[in-house]
Amino acid sequence: MAKAIVIYYSRTGNTKKMAESVLEGLQKENVEAALKDAASVDVDELLKYDAILIGSPTYYGSMAAEVKKLLDDSVKFHGKLTGKVGAAFSSSANTGGGNETTILDILNAFLIHGMIIQGDAQGDHYGPVAIGSPDNRAIKECLRLGERVAKLLKKVA
Ligand SMILES: Cc1cc2nc3c(=O)[nH]c(=O)nc-3n(C[C@H](O)[C@H](O)[C@H](O)COP(=O)(O)O)c2cc1C
């Protein structure tokens, strides 16, 4: 069975709620999935997952330092994450507040690792975004991300 990890950083709970829905989407499609706060992830763990999904609040148009630290620490496995599936999501305070640039910054690191990224032609194109606490639309996007990553894993893992 394919394994995925949903990693998030969240100070006020918005990104955590998104992460829980992404997890639910993965589990609905029978992927064994873990949910962890970025600070509690040991970088060595990343190797054992087929998919790595990261959510961050938008801080000044990019990811929180805690998420960046994990990605910087992942240089230890540069080249070893190739072929894993990656995905990202973000919560910001404002529309146009930089949630998509935050997602793209995370995906950028995943691409440099050689990971597989799937865009979305119908839903949030780069990954789910929420303004503040995720509303029904954002929750649906998070569930959809989990389900789509699970379906992709069935093809590539
Ligand atoms: C240091 C800091 C920087 C932030 N920068 C932005 C920003 O550039 N754009 C924006 O829309 N919101 C910004 N916010 C607001 C958060 O992205 C927003 O409150 C988010 O929903 C918090 O997610 P959380 O509940 O998971 O912590 C910032 C918040 C903090 C604390």
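1. Asp72 is partly exposed in this predicted model, its relative accessible area being 42%. Its salt-bridge partner is Lys68, and the two side chains come to 2.7 Å, counted from N to O. Lys68 is likewise assigned to the partly exposed class, with a relative accessible area of 38%. Both Asp72 and Lys68 belong to helix H2, which covers residues 65-73, and they are four residues apart there, about one turn of the helix.

2. Across the whole structure, the search finds nine salt bridges, and a second one worth following is that between Asp120 and Arg148, where the N to O distance is 3.5 Å. Asp120 sits in the loop between strand S5 (116-117) and strand S6 (129-131), whereas Arg148 is part of helix H4 (residues 136-156), so this pair ties together parts that are 28 residues apart in sequence. Asp120 has a relative accessible area of 9%, and because the limit for the buried class is under 20%, Asp120 counts as buried. Arg148, with a relative accessible area of 21%, is placed in the partly exposed class. The pair does not stand alone, since salt bridges with shared partners join Asp120, Arg144 and Arg148 into one network.

3. A further salt bridge joins the side chains of Glu45 and Lys36 at 3.0 Å, again from N to O. Glu45 is buried, at 13% relative accessibility, while Lys36 is partly exposed, at 26% relative accessibility. Lys36 also has a place in the strand pairing, for it is the bridge partner, in S2, of Ile7.

4. That pairing involves strand S1 and strand S2 (residues 32-37), which run parallel and are joined by six bridges. Strand S1, residues 3-8, is mostly covered, with five of its six residues buried.

5. Which residues come nearest to the ligand? Of the 16 residues around the ligand, these are Ser10, Thr12, Thr15, Thr58 and Ser91. Sorted by class, the shell around the ligand consists of four nonpolar, eleven polar and one charged residues.

6. Ser10 deserves a separate point, as it appears in several of the contacts. Ser10 is located in the loop between S1 and H1, and with a relative accessible area of 17% it is buried. One polar atom of the Ser10 side chain lies 2.6 Å from an oxygen atom of the ligand. On the protein side, a polar side-chain atom of Ser10 is 3.0 Å from the backbone nitrogen of Gly13, and the backbone nitrogen of Asn14 lies 3.5 Å from a polar atom of that side chain.

7. Backbone atoms also take part in the ligand contacts. For Thr58, a backbone N or O atom is 2.7 Å from an oxygen atom of the ligand, and for Tyr60, a polar backbone atom lies 2.9 Å from a nitrogen atom of the ligand. The ligand taken alone exposes 650 Å², of which the protein buries 76%. Helix H1 (14-28) and strand S4 (85-92) are the elements that give two or more residues to the shell around the ligand.

Conventions: Residues numbered from 1 in each chain as written. Predicted model: local features only at pLDDT ≥ 70, side-chain atom pairs only at ≥ 80, totals over all residues. Heavy atoms only, no water. Salt bridge = Lys/Arg side-chain N within 4 Å of Asp/Glu carboxyl O. Buried < 20%, exposed > 50% of the residue type's maximum accessible area, 1.4 Å probe, protein only. Near = heavy atom within 4 Å. Polar contact = N/O pair within 3.5 Å; in protein donor to acceptor, adjacent residues only side chain to side chain. Areas by Shrake-Rupley, 256 points an atom, 1.4 Å probe, with all protein chains shown as cover. Nonpolar A, V, L, I, M, F, W, Y, C, P; charged D, E, K, R; others polar. Pairing = 2+ DSSP bridges.
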